[in-house]
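Reader: I'm new to this structure and would like a close look at one part of it. Could you pick a spot and walk me through what surrounds it?

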Amino acid sequence: MATENNNENCEVCYSVEDITKTLPSDEILEDNAALLKSLADPARLKIVYLLKNGELCVCQILEAIDKSQSTISHHLKMMKKEGVLSARKQGKWIYYKLANENIIDSLEQIFEK
């Protein structure tokens with residue numbers, strides 16, 4: 001339902017200029033959008049939830065997710081690039097963990113129904 005635009009209501013509203021002053025910078029918004037994009041895939045979300053309890057080797061992630069090694073590697077690389085994951089190499093294996101463990105709480109708040 002459309003509301004009438006009358007001057008009485010507009011006087012108590014914030015001006016668009018006041019509202020836009022509270023917006024994050026374009027750079028921050030682009031960074032946030034890239035972070036969200038890095039999570040915007042069911043397999044990537046599954047990886048994040050797998051890492052909820054700590055570090056896992058790539059072989060463990062592969063075993064848990066029914067995707068090809070190249071697909072999982074792509075997902076891991078993307079999330080590492082955006083700062084969702086951190087990695088360390090030990091011998092021939094790479095171990096991944098959440099770069100920010102609060103991400104699980106944030107996701108649960110977003111998906112709360």
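Author: Let's start at Ser-86, which is partly exposed, because its relative accessible area is 25% and anything from 20% up to 50% falls in that class. Keep in mind that this is a predicted model. Ser-86 lies in strand E2, and that strand covers residues 85–90.

Who does Ser-86 meet? Leaving aside neighbours within four places in sequence, Ser-86 is in contact with a run of residues: Tyr-95, Tyr-96, Lys-97, Leu-98 and Ala-99. Asn-100 belongs in the picture too: 14 residues separate Ser-86 from Asn-100 in sequence, and their C-alpha atoms are 8.9 Å apart in space.

Tyr-95, one of those contacts of Ser-86, has another partner. The charged end of Arg-88 sits over the ring of Tyr-95, 4.6 Å from the ring's centre. Rings paired with rings are another matter, as a search of the whole structure turns up zero aromatic pairs.

Now step back along the chain to Gly-83. You'll find Gly-83 in the loop between helix H6 (69–81) and strand E2 (85–90). Gly-83 counts as partly exposed because its relative accessibility is 40%. Leu-98, which Ser-86 touches, comes up here as well: the C-alpha atoms of Gly-83 and Leu-98 are 8.7 Å apart, with their positions 15 residues apart along the chain.

Gly-83 also leads us to a pocket. Gly-83 helps line the largest pocket, along with Glu-82, Val-84 and Asn-100, among others. That pocket has a volume of about 180 Å³. The elements giving two or more residues to its lining are H3 and helix H7 (103–111). Of these, H7 supplies the largest share, four residues. Leu-35, Leu-36, Leu-39, Ile-103, Ser-106, Leu-107 and Ile-110 are also on the list of lining residues.

Since helix H3 has come up, have a look at Ser-38. Ser-38 is found in H3, which spans residues 26–39. Is Ser-38 buried or exposed? Ser-38 is buried, because its relative accessible area is 0% and the cut-off for buried is under 20%. Not counting residues up to four places away in sequence, Ser-38 touches Arg-44, Met-78, Met-79, Glu-82 and Val-84. Two of these, Glu-82 and Val-84, are also named in the lining of the largest pocket.

From the H7 side, there's a link to Lys-52. Lys-52 sits in the loop between helix H4 (42–50) and strand E1 (56–57), and it is partly exposed because its relative accessibility is 39%. Beyond four places in sequence, Lys-52 touches Leu-98, Ile-104 and Glu-108. So Leu-98 turns up once more, as it is also a contact of Ser-86. Ile-103, one of the pocket-lining residues, is 51 residues from Lys-52 in sequence, yet the C-alpha to C-alpha distance is 9.0 Å.

Finally, here's the wider setting. The chain holds seven helices and three strands, in the order α-α-α-α-β-α-α-β-β-α from the N terminus. Buried residues make up 21% of its 113 residues. Among contacts with a separation of 6 or more, 55% join residues 24 or more positions apart. As for the outside, the accessible surface comes to about 8,800 Å², and carbon and sulfur atoms account for 51% of it.

How values were computed. Residues are numbered from 1 along each chain as its sequence is written. This is a predicted model: local features need pLDDT of at least 70, side-chain atom pairs count only at pLDDT 80 or more; totals for chains, interfaces and linings use all residues. Side-chain values use heavy atoms; hydrogens and water are left out. Rings of Phe, Tyr and Trp (its six-membered ring) pair if their centres lie within 6.5 Å; planes under 30 degrees apart count as stacked, over 60 as edge-to-face and the rest as tilted. A charge sits over a ring if NZ of Lys or CZ of Arg is within 6 Å of the ring centre and within 35 degrees of the ring normal. Buried means under 20% relative accessible area, exposed over 50%, partly exposed in between (1.4 Å probe, protein chains only). Contact means heavy atoms within 4.5 Å. Accessible areas come from the Shrake-Rupley method with a 1.4 Å probe; for residues, only the protein chains shown count as cover. On a 1 Å grid over the protein atoms alone, a cavity is a set of points where a 1.4 Å probe fits but cannot get out, and a pocket is an open set with protein on both sides within 12 Å along at least five of seven lines; lining residues have an atom within 4 Å of a point. Grid points are joined across faces, edges and corners, and a volume is the space filled by probe spheres set on the points.
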